[in-house]
Amino acid sequence: MYKIVWEVFDYGKRYGIKNLFFKILEQIFTERVPSEPSPEPPISNVISDVFKQRFPNIEPLPICSYSDSSAQINLVTDSLLDDSFYGGVATAIIFAILLANSQDKKLRIITRHQNGGKDNFKALLDRENLRLTQSVEFVFCDLNDNNKFIDASNEDLFITTSWWTTASVKKSVPHNKIIYILQEDERMFYPLGDEHLLCSETIASPEINLLINTKLLYTHLINDGFENILTNGLYFEPSFNKSLYIKRENDIQKTKQRLFFYARPNHARNLFFRGMEVLDKALQLGIIDLELWEIYFLGTTSDEIQFSNGYIPKTLPNLAWKDYVEFLKTIDLGLSLMYTPHPSYPPLDLSTTGSVVVTNKFKNKNSLENYSKNILVSDLDVQSLVSSLEKGIALSLNEEQRQHNYINNNIKSDWNHSFESAIKKYQS
Amino acid sequence: MFYINTLPAEYIEPWAVSLENRLNSLYSSDRRIAYFYEKPDCSTFRYRVYNMIQTIQDMDGISATYFCLEEINYLHSILDSINVLVICRARYTISLNSLIARAKNKGVKVLFDLDDLVFNTQKIDLILHTLDQDFNQEGVWDHWFAYIGRIGALLKLCDGCITTNTYLGDQVKEYHDIKTMTIPNFLNQEQLAISNKILKEKLESHFQRTDTIYIGYFSGTPTHNKDFAIVVESLIKLLEQDKRIRLLIVGYLELPDSIKKFDDRIEVYPLHDFVNLQRLMSLVEINIVPLQNNKFTNCKSELKFFEASIVGTLTIASPTFTYKSAINNAKNGFISNDYEWSEVLSKAMDTLENGEYEQMIRKAHSDTLNKYAWYNQKNLLKELMDF
């Protein structure tokens, strides 16, 4: 108190009473100004925490060893919920089931991001007519829960479904017990940076088994220098259960030909905007005759887009798999882009129903005729794509040729055949 | 929900009998079995000690009674008068060690009785994992290693082991090479009395019910979070789709947040005594028993099936060892794999509409009486004397 009185007296003596008065007002006013919001609690700067915060997905899978754990087949993925249960996860699950059955072992599905999705698993079993010889256990090993542990015997096999699940598992189990199902050049998900580097390093892991979706992707990766794939890699061609895709012409009620566009603006590799440019140009040029055709956007967008000529296509976002396939059966022509080496599933889905598809070239993806002559592969410039779309329209309307190509499709339809060599190899 | 007129019964613990009276019962026959259990309770003690004694007392030429820890001195003093000593799920102490040593020296056969995989410390990880225990708590490890280690130590001192099923028996043999026999859990006289009355009501009213459909989950211990988690997703889906659905939960359960939005359709009751529990079970249309499938849960008994069946309630259970052998799928109940609950719940609900419910209940009831009524266990219990 004495100190405050002395400071006031000293200020008044030096700057005068008037200034002292204003100084006191300033102090009072300043104190009434609301203080800045308190900052977020400090984030740990310990190096291990920094990594954990930046890359939680690749923290080691928390395993433990029970005295008498019996060997199981494990599948590690992010989630089985609808948003994640696309072709890739379903393919991995089918492989896991067939592998578990072939070794008469229990299957354990470990999710790291979300719990649930058992109904999707059941629907997959029913749709593919699969049965388990042993039981299946669903474990949600939450990345954020430090009280979760996975008991693993020395003989457990781990099927991983992405570079990050692989990177996490490889920190905890012998590398030769990992089967990494690689269904895309996952490096292409990222700009050049840490994720890209970590992904590249994971794919290049010398002792991990890589099971690669399509020969195209397999060849591309080898061409790109992943020599480990020559020794530890296998590829498989995916299957499309024909019975699910058979068109029943009588069931299809439509007044116009249908053009499908795989519209996923949030998935950069699907080139949503290039596809729109192409459709717009084709409409401008009259290549797509709206008297004859109607356009559907299937994928994730629900936004109504108006083309230059005022036409607004119909959008069917986020269809359940069954509804998606039912709708595909009504399609005559598809435009489905994929800016990676993998053919992607929609062109194969569509050609299994008998439709014509236009997709794009990428590196060694120069032709998909080995799957179906109804799949036209185009350069990515707008003019080439518009031209391919024109060819696609002509082929689509040429019933005889289209049917001939369809009959001669070379798309696998039995997952047992797709995974035959892989299952034989991992048996040992 | 079924219309049941039987009112809740006034409950008195039937085993609360003075030591004097119990000793009189024991001496009522020449061949005598003494049971030891640390402290009577409504779960293991009821099924493994009380029910056994009640049935034995109805048999010719054999008698039985129980002693608890505070009566161990009495037990020491009557070793000369008994033929068989059954130690039920007790923890090692030096005085029990001494009791067993003295009993054996006097020619008394000493048997251990087990209803759970709780004797082998090598299974602790599995047990803690199944029971959703906190691995990061030192106290958890101290407790479980001590608890299971002590039970295992006592088991090793005995001449043989009685288990609730053969799966558990095999686990015992793997741990300690000892002779085993199976006596399943079964329904006692009090349970059957109230259940018969309720079932009669249901049959006479042709299973008359309200428009709501109750799914019941009856949890005896506070360790079933992971089991309930198996079915939560399907229950949520069902609650969303069908406004008639209600959940009735009895006992300990930490409801997951995801299902709490249906609070107004979930009724939670505290643990009930075993007689009135039968009445509560009879109210629901469907009794669910989701269980993880591992060595620990495969040792569990099928009691949730027969407790429900005897009061005319249909059960859906996971395919563990005992439930798989008790339930003839789609005949006297339903078996559901983890990923099938939505479908199986729907099937079970369909039986209410298509008339199959009553048919399945009749089958479940008759199977239950044949296999799990107290009076059908006498031959097995007779074998105890010659074990």
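How many bridges join strand β8 (residues 245-251) of chain B to β9(B)? In this predicted model, the two strands run parallel and are joined by 4 bridges, and they belong to an open sheet of 6 strands in chain B. The model as a whole scores ipTM 0.79 and pTM 0.84, while chain B averages a pLDDT of 95, with 100% of its residues scoring at least 70. The points below take up the sheets of chains B and A, then a pocket lined by residues of chain B, and finally the cavities.

**The sheet in chain B**

- The strand order of this open sheet is β9-β8-β7-β10-β11-β12, and the pairing is parallel.
- Because β9 (266-269) and β12 (334-335) of chain B each have a single partner strand, they stand at the edges, and one side of each is left without a neighbour in the sheet.
- At the level of single residues, B:Val250 has B:Tyr269 as its bridge partner in β9(B).

**The sheet in chain A**

- Chain A holds an open sheet of 6 strands with parallel pairing, in which the order is β12-β11-β10-β13-β14-β15.
- The edge positions are taken by β12 (314-317) and β15 (375-378) of chain A, each of which has a single partner strand, so one side of each is left without a neighbour in the sheet.
- On average, neighbouring strands of this sheet are turned by 20 degrees against each other, direction ignored.
- Within the sheet, strand β13 (residues 333-335) and strand β14 (residues 356-360) of chain A pair in the parallel sense over 3 bridges, and A:Leu335 has A:Val358 as its bridge partner in β14(A).

**The second largest pocket**

- The second largest pocket holds about 1400 Å³ of space and has a lining of 46 residues, of which B:Ser43, B:Thr44, B:Gly220, B:Thr221 and B:Lys300 lie nearest its centre.
- Domain 1 (19-185 + 375-385) and domain 2 (189-372) of chain B both contribute residues to the lining, so the second largest pocket lies between them.
- The elements of chain B that each supply at least two lining residues are α2 (44-56), α6 (138-155), β7 (213-219), α10 (274-283), β10 (286-289) and α12 (303-309), and the largest share, 4 residues, comes from α6(B).
- Two of these elements, β7 and β10 of chain B, also appear in the strand order of the chain B sheet.
- Divided by class, the lining of this pocket consists of 23 nonpolar, 12 polar and 11 charged residues.

**The cavities**

- A search of the whole structure finds 2 cavities of 30 Å³ or more, and the largest cavity has a volume of about 60 Å³.
- The largest cavity is lined by A:Leu80, A:Ile109, A:Thr111, A:Asn115, A:Gly116, A:Lys118, A:Phe138, A:Val139 and A:Phe140.
- Two or more residues of that lining come from each of β3 (106-111) and β4 (136-140) of chain A, and β4(A) gives the largest share, 3 residues.
- By class, the lining of the largest cavity comprises 5 nonpolar, 3 polar and 1 charged residues.
- The second largest cavity encloses about 40 Å³ of space, and its lining draws on chain A through A:Asn147, A:Lys148 and A:Phe149, and on chain B through B:Leu128, B:His129, B:Asp132, B:Gln133, B:Phe135 and B:Lys226.
- In the lining of the second largest cavity, the residues divide into 3 nonpolar, 3 polar and 3 charged.

Methods:
Residues are numbered from 1 along each chain as its sequence is written. Chains are lettered from A and ligands numbered from 1 in the order in which they are written. This is a predicted model: local features need pLDDT of at least 70, side-chain atom pairs count only at pLDDT 80 or more; totals for chains, interfaces and linings use all residues. Side-chain values use heavy atoms; hydrogens and water are left out. On a 1 Å grid over the protein atoms alone, a cavity is a set of points where a 1.4 Å probe fits but cannot get out, and a pocket is an open set with protein on both sides within 12 Å along at least five of seven lines; lining residues have an atom within 4 Å of a point. Grid points are joined across faces, edges and corners, and a volume is the space filled by probe spheres set on the points. Ala, Val, Leu, Ile, Met, Phe, Trp, Tyr, Cys and Pro count as nonpolar, Asp, Glu, Lys and Arg as charged, and the others, Gly among them, as polar. Domain bounds come from an automatic or database domain assignment. Two strands pair if DSSP finds at least two bridges between them. Axes are lines fitted to C-alpha atoms, for helices over the stretch in contact, and angles run from 0 to 180 degrees between N-to-C directions. pLDDT is the predictor's confidence in each residue, from 0 to 100.
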